[in-house]
Amino acid sequence: MALWRKRPKRKKRLWGFLLIVVVAALVVSFRLVEKIGPEKKPGDRFTVKRVIDGDTVELLGGDRLRLLSVDTPEKGEKLHDEAMYLLADVAQGKPARIEFGKNRRDRYGRLLGYLYVDDTLLVNKMIVDSGMAYVYLFEDADLGRPEVKSILNAQRGAMARHAGLWSIKRAPEPYYIATEHSFRLHRPSCKSVTDLKPGHFRRFATREEGLAEGLSPCRNCKP
Ligand SMILES: [Zn+2]
């Protein structure tokens, strides 16, 4: 009889102990989720705290994320504010998932990745689709990556609809130039391309022809 009475007490203590362990584990894992170092990858879930500009957000915990493969207008340029408001509208305050690129961070310490909110909405693509950003690729871009493919398709759609940036009229050049293996498109007068010898660059009849291939406007000559 005495033994039978003791057991429930022990069980109660055990359950209490387990409860403490579970709560502690939850607290620890929550902190890991919000504080991602280069080595930690607990499901790569975050909360978007605020928007810095059209292609950069700050995450809860302080990390900044630069959206990969896209480029929105700089401060002072047309549609800068609109791109920022759009990003805030879609992502601010939301739990998010990030798919990282080859390098998790850039030289400024910012995270680099593809941002998903509402489970499946690829924010990088949405901004390009709305015409608020150009596709922006680097030489080591993985063109077979599904995110890159869908962002490029989104840009072709935005071009066809003359959405956002694609509605801005620009004085055309006689032709446009890109160096081999580079994703930047230049005016023929741009310093980056004036010294190039024939055979070391690609030539495009129109701006759109180059951008449809995934090139983005050079930040110096701004074609
Ligand atoms: Zn240029």
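In this predicted model, the face of helix 4 that points away from its buried side carries two exposed residues, Pro 146 and Ala 160. The helix itself runs over residues 146–161, so to speak a 16-residue element, and its first and last C-alpha atoms sit 23 Å apart, close to the 22 Å expected at 1.5 Å a residue.

Turning to the other side, the buried residues of helix 4 are Val 148, Ile 151, Ala 154, Gln 155 and Ala 158. Looking down the helix axis, these buried residues fall within an arc of 120 degrees, so they line one face of helix 4. As for what covers them, the list includes strand 4 (70–71), helix 3 (123–129) and strand 8 (134–135). Just after helix 4 comes His 162, with a positive phi near 55 degrees.

Helix 4 belongs to a protein chain with five helices and twelve strands. Of the chain's 223 residues, 31% count as buried. Among contacts in the protein chain with a separation of 6 or more, 62% are between residues 24 or more positions apart.

One strand residue gives a local view of this. Arg 105 is in strand 5, which covers residues 95–105. Is Arg 105 buried or partly exposed? It has 19 other C-beta atoms within 10 Å, and a residue needs 20 or more to be buried, so Arg 105 is classed as partly exposed. Along the chain, Arg 105 and Leu 65 are 40 residues apart, while their C-alpha atoms are separated by 8.6 Å.

Methods:
Residues numbered from 1 in each chain as written. Predicted model: local features only at pLDDT ≥ 70, side-chain atom pairs only at ≥ 80, totals over all residues. Helix = DSSP H or I, 4+ residues; strand = E, 2+ residues; numbered from the N terminus. Buried ≥ 20, exposed ≤ 12 C-beta atoms within 10 Å, placed from the backbone. Contact = placed C-beta atoms within 7 Å. Expected span 1.5 Å × (residues − 1). Arc of directions from axis to C-beta.
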